Amino acid sequence: DPFYWYFSAALAIREGDAGTAKVAIGKALALAPSDATILFEAGHVAHYAGDDAQARSYWMRAAGSDPNGETGKAAAKAVEMLGVTPTVKTDAQPPKE
């Protein structure tokens with residue numbers, strides 16, 4: 001049951017155990033890789049572990065899986081709250097003096 005692992009991950013975060021949370025959510029994702037609720041929690045685990053890029057990816061997948069549902073809307077809000085990742089343009093010309 002993927003939700004056993006989902007709840008295990010959530011509990012591990014509450015206990016401050018990022019390692020156990022990552023293992024548990026990984027098992028949940030293996031069982032239900034496109035479930036919006038599991039993807040949403042995977043985003044929380046990644047964010048807790050300090051991987052904002054991975055969190056954003058999971059939350060965007062959750063939002064795409066459930067665009068009109070509560071989980072999808074919450075995932076889209078989480079991405080919005082995470083902010084925009086700055087990008088560096090390598091083809092920019094130096095300013096003229």
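Helices here are DSSP runs of at least four residues, and strands are runs of at least two. By that count, the protein chain has five helices and zero strands. The model is a predicted one.

**Overall picture**

Read along the sequence, the pattern is α-α-α-α-α. The protein chain has 97 residues, and 34% of them count as buried. About 6,400 Å² of the chain is exposed. Carbon and sulfur atoms supply 56% of that area. Contacts also link distant parts of the sequence. Among contacts with a separation of 6 or more, 44% join residues 24 or more positions apart.

**Aromatic rings in helix H1**

The structure holds three aromatic pairs. One of them joins phenylalanine 3 and tyrosine 6. Their ring centres are 5.6 Å apart and their planes stand at 65 degrees, so this pair is edge-to-face. The cut-off for that class is over 60 degrees. Both residues lie in helix H1, which covers residues 2–14. They are three residues apart, or about one turn of the helix.

Tyrosine 4 and tryptophan 5 form another aromatic pair. This pair is also edge-to-face, with 4.9 Å from centre to centre and 85 degrees between the planes. Ring pairs also link Phe3, Tyr6 and Phe7 into a cluster.

How exposed are the residues of these two edge-to-face pairs? The table gives relative accessible areas.

| Residue | Relative accessible area | Class |
|---|---|---|
| Phenylalanine 3 | 29% | partly exposed |
| Tyrosine 4 | 52% | exposed |
| Tryptophan 5 | 25% | partly exposed |
| Tyrosine 6 | 16% | buried |

Tyrosine 6 counts as buried because its 16% relative accessibility falls under the 20% cut-off. Tyrosine 4, at 52%, is exposed because that class begins over 50%.

**A buried glutamate**

Glutamate 41 lies in helix H3, which spans residues 36–48. Glutamate 41 is buried, yet it has no salt bridge. Which side chain of opposite charge is nearest to it? That is arginine 14, 4.9 Å away. A salt bridge needs a side-chain nitrogen of Lys or Arg within 4 Å of a carboxyl oxygen, so a distance of 4.9 Å does not qualify.

What does glutamate 41 contact, leaving aside neighbours within four places in sequence? The partners are Tyr6, Ala9, Ala10, Ile13 and Ile25. Tyr6 therefore appears in two settings: it is in contact with glutamate 41, and it belongs to the ring cluster with Phe3 and Phe7.

Note on methods: Residues numbered from 1 in each chain as written. Predicted model: local features only at pLDDT ≥ 70, side-chain atom pairs only at ≥ 80, totals over all residues. Heavy atoms only, no water. Buried < 20%, exposed > 50% of the residue type's maximum accessible area, 1.4 Å probe, protein only. Lys, Arg positive; Asp, Glu negative; His and termini not counted. Contact = heavy atoms within 4.5 Å. Areas by Shrake-Rupley, 256 points an atom, 1.4 Å probe, with all protein chains shown as cover. Phe/Tyr/Trp six-rings, centres within 6.5 Å; stacked < 30°, edge-to-face > 60°.
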